[in-house]
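Student: I would like to go through this structure slowly, asking at each step what a term rests on. Could we begin once the model is in view?

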Number of protein chains: 2
Amino acid sequence: MEARVAEQAERPTSKRRAALTRESILEAALRLCSPEGGGQLTFSRLGKELGADPTAVYRHFRDKDDLVLALTELTVAEGVELARAALPDGPSDDWRAWLTVTAESIRASYLARPVVAILAAARTTASPAETRSVELLISVLHRAGLPVIEAAECYRQLVDLTLAMTQYTAAFSSLDPATQAKDEAAWAVKYGMLPEAEFPLLHRSAPRLTELFRDDGEVFRMILGTFLDGVALRIDRARDGSAGAGRSA
Amino acid sequence: MEARVAEQAERPTSKRRAALTRESILEAALRLCSPEGGGQLTFSRLGKELGADPTAVYRHFRDKDDLVLALTELTVAEGVELARAALPDGPSDDWRAWLTVTAESIRASYLARPVVAILAAARTTASPAETRSVELLISVLHRAGLPVIEAAECYRQLVDLTLAMTQYTAAFSSLDPATQAKDEAAWAVKYGMLPEAEFPLLHRSAPRLTELFRDDGEVFRMILGTFLDGVALRIDRARDGSAGAGRSA
DNA sequence: ACCTGAACACCGTTCAAGT
DNA sequence: ACCTGAACACCGTTCAAGT
C-alpha cells in the first residue's frame with residue numbers, strides 16, 4: 001500500500017498523464033469550445049487535449065450527446081452565477097433590470113463557447129441551477145403583477161427568445177470567414193446599391209442595416225427592449241384590474 | 001441537326017436520366033429536405049435521388065454552401081409569396097396583421113424544410129424577392145408612424161427574432177426521437193416533481209410549461225404577440241410627438 | 001476497471017479518367 | 001462540356017485486445 005503510493009508520487013515531473021475523470025474531460029472540452037481553444041469539439045481534438053486515445057472518453061460519457069449535455073449544465077450554471085453576481089441580493093422589485101441581466105448573462109455564457117450554443121441551446125437539463133433560476137424568474141414576474149401562469153409563460157418566452165437568438169448568433173459566427181464575408185457583402189454591397197426610385201426606404205436605411213449586421217449584440221439588445229416593453233404593457237394590464245382581457249390595442 | 005433532335009426524342013419511355021441542371025438539382029434537394037423526403041441533405045442522398053454520381057452536383061454548384069444558399073433563396077421567395085397570398089393587395093394599414101402574417105409565413109416555409117433553417121437561417125442572399133419584401137415591411141412600419149430608421153431597426157428585429165426562433169425549433173425537431181424524449185422527460189418528470197415547499201410557483205405552472213414544450217408554435221406566437229405589443233408602444237410614442245426620447249417606462 | 005487501436009459507416013471535396 | 005469513380009481527410013461509434 002505505502003509502496004504504491006510512493007510509486008505514484010515518484011515521478012512528479014515526468015509527463016505521466018492526469019487520470020481521466022468526468023471533471024478533467026469536461027475541463028478539457030470547455031477549453032476546446034472556447035474561441036481561443038479553436039471552438040470545435042471532436043473526439044479527436046479532445047483526445048489530443050487529454051493526451052489520451054480519442055475513444056477513451058467513451059468510458060466516462062455514453063456518447064457525444066451525453067458530453068454536450070454535461071457541458072450545457074455547466075454553461076447554464078455559469079450564466080445563472082453571472083446574473084446573480086450582477087444583481088443585488090435577492091429578487092429586487094426592478095423586474096426589468098432583473099430580466100435584462102439574466103438574459104444577457106445566459107447569452108454571454110453560451111457565446112463564450114459557441115459550439116455548446118449550437119448543439120444544445122434548445123435542450124433542457126433540469127439541473128438544480130436551472131430549476132432554481134426558473135423559480136426565481138417566475139417569482140420576479142409574479143411579484144411585478146402577473147398571475148402565476150402568465151408569469152410562467154412570460155419566463156418561457158424570455159428564455160426561448162434569448163436562447164434562440166444566442167444559437168442564431170453562434171451558428172453564424174462559427175461559419176468560416178470566407179462564408180461570413182459573402183453575407184457581409186450582400187448587406188454592404190447589394191443593399192447599399194439598391195436604386196432609390198424603387199427602394200426609397202431601404203436606400204435610406206441601408207447604412208444602419210449594414211451597421212446592425214456587424215453587431216449582433218445590438219440587435220439582441222433592441223429585441224429584448226421591445227419585448228420587455230410588451231411585458232410592461234401586460235403587467236400594467238394585469239394591475240389595472242381583472243377586466244379587459246383583450247389582446248391587442 | 002434534325003437527326004440529332006430525332007435521336008434525343010427516340011426513347012421517351014426508356015429510363016434515360018433527366019439532364020442534370022441547376023433547377024432539377026434544386027428540385028431534388030428540396031424533396032430531400034422536406035420531412036417526407038427524410039429531412040437530410042447529403043451529396044450521397046442527392047446523387048441517389050438524381051440517379052447520378054454524388055459528385056456530379058459539383059458541376060453545377062461550387063460547394064454545399066452554394067447549394068444551400070440557392071435553397072435559401074427559394075425558401076425565402078416561397079415565404080414572401082405565402083405572405084402575399086394571405087394578405088389583401090398592397091400594404092394595408094393594419095401593420096400588426098401584416099407583420100404577423102409575414103413572420104408566420106417565413107417561419108412556415110423554413111419549417112417545411114428544416115435543414116435549410118438549420119444551415120442558413122442567419123444567411124442573407126439579398127435576392128429580389130428578399131429586398132422587395134424588406135422594402136414593403138419597412139414601409140408598413142413607416143406608414144404606421146415610425147421614422148424611417150426606426151422602422152428599419154424594427155423590421156430587423158422582427159426578422160431576426162423570427163428566423164432565430166425558426167432555427168431553434170428546426171434544430172430541436174431534427175434531433176433523433178430518443179434524444180428529444182430525454183428533454184421531454186426533463187419537463188414532464190423533473191419539473192413536474194419539484195417539491196412544492198421549495199418551488200411553489202414552478203409547482204403550479206409545471207403543467208403549463210410541459211404543454212408549451214410540446215407546442216413550439218404556441219411559444220413563438222406568444223413571443224410575437226408580446227414583441228408586437230412593444231412595437232405598438234413605440235408607434236404610439238412616435239405619434240404622440242417628437243419629444244420624450246426616453247426608452248423605457 | 002480503464003485504455004488502446006483497428007475497424008466501420010458515414011461526411012464533403014478533389015482530381016484524374018472517361019465519354 | 002459534363003459525368004464517373006477512386007481517393008482523401010475527416011466525423012462518431014463499436015469492439016476485441018491489451019494492461
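Student: What makes T55(A) a polar contact of DNA strand C, and which kind of atom of the strand takes part?

Tutor: Bear in mind that this is a predicted model. An N or O atom in the side chain of T55(A) is 3.0 Å from a base oxygen of DNA strand C, and a polar contact asks for a pair of N or O atoms within 3.5 Å, so the pair is counted as one.

Student: Which side chains of chain B reach a phosphate oxygen of DNA strand C, and how do you know that these are polar contacts?

Tutor: For Y58(B), a polar side-chain atom lies 3.0 Å from a phosphate oxygen of the strand, and for K64(B) the distance from a side-chain N or O atom to a phosphate oxygen is 2.7 Å. The cut-off is 3.5 Å, so both pairs meet it.

Student: How many residues surround DNA strand C, and of which classes are they?

Tutor: There are 15 residues around DNA strand C, and the closest are L20(A), D53(A), T55(A), R59(A) and K64(B). By class, 6 are nonpolar, 4 are polar and 5 are charged. Of the strand's atoms within 4 Å of the protein, 57% belong to sugar or phosphate, while the rest belong to bases.

Student: What is found around DNA strand D?

Tutor: Here 16 residues surround the strand, with K64(A), L20(B), D53(B), R59(B) and H60(B) as the closest, and the classes are 6 nonpolar, 5 polar and 5 charged. For DNA strand D, 57% of the atoms within 4 Å of the protein are sugar or phosphate atoms, and the rest are base atoms.

Student: Which polar contacts does DNA strand D have, and what makes them count?

Tutor: A polar side-chain atom of K64(A) lies 2.7 Å from a phosphate oxygen of DNA strand D. D53(B) takes part through a backbone N or O atom, which lies 2.7 Å from a phosphate oxygen, and T55(B) has a polar side-chain atom 3.0 Å from a base oxygen. Each of these distances is within 3.5 Å, so each pair counts as a polar contact.

Student: Why is W95(B) called buried?

Tutor: Its relative accessibility is 13%, and buried means under 20%, so W95(B) falls on the buried side of the cut-off. W95(B) sits in helix α5 of chain B, and beyond its neighbours within four places in sequence it is in contact with V140(B), A144(B), L228(B), V231(B), A232(B) and I235(B).

Student: How do you know that the length of helix α4 of chain B is close to what is expected?

Tutor: This helix covers residues 64–86, which is 23 residues, and from its first C-alpha to its last it reaches 33 Å. At 1.5 Å a residue the expected value is also 33 Å, and the span is close to it.

Student: Which residues of α4(B) are buried, and what covers them?

Tutor: Among the buried residues of α4(B) are D65(B), L67(B), V68(B), L71(B), V76(B) and A83(B). Their cover includes α9 of chain A, together with α2, α3, α5, α6 and α7 of chain B.

Student: What does chain A consist of, and how much of it is buried?

Tutor: Chain A has 11 helices and 0 strands, and 48% of its 249 residues count as buried. Of its contacts with a separation of 6 or more, 64% are between residues 24 or more positions apart.

Note on methods. Residues are numbered from 1 along each chain as its sequence is written. Chains are lettered from A and ligands numbered from 1 in the order in which they are written. This is a predicted model: local features need pLDDT of at least 70, side-chain atom pairs count only at pLDDT 80 or more; totals for chains, interfaces and linings use all residues. Side-chain values use heavy atoms; hydrogens and water are left out. A residue is near a molecule or strand if one of its heavy atoms lies within 4 Å of it. A polar contact is a pair of N or O atoms within 3.5 Å; within protein, one must be able to donate a hydrogen and the other to accept it, and residues adjacent in sequence count only if both atoms are side-chain atoms. Ala, Val, Leu, Ile, Met, Phe, Trp, Tyr, Cys and Pro count as nonpolar, Asp, Glu, Lys and Arg as charged, and the others, Gly among them, as polar. Helices (H or I, at least four residues) and strands (E, at least two) are DSSP runs, numbered from the N terminus. Buried means under 20% relative accessible area, exposed over 50%, partly exposed in between (1.4 Å probe, protein chains only). Contact means heavy atoms within 4.5 Å. The expected span of a helix is 1.5 Å times one less than its number of residues.
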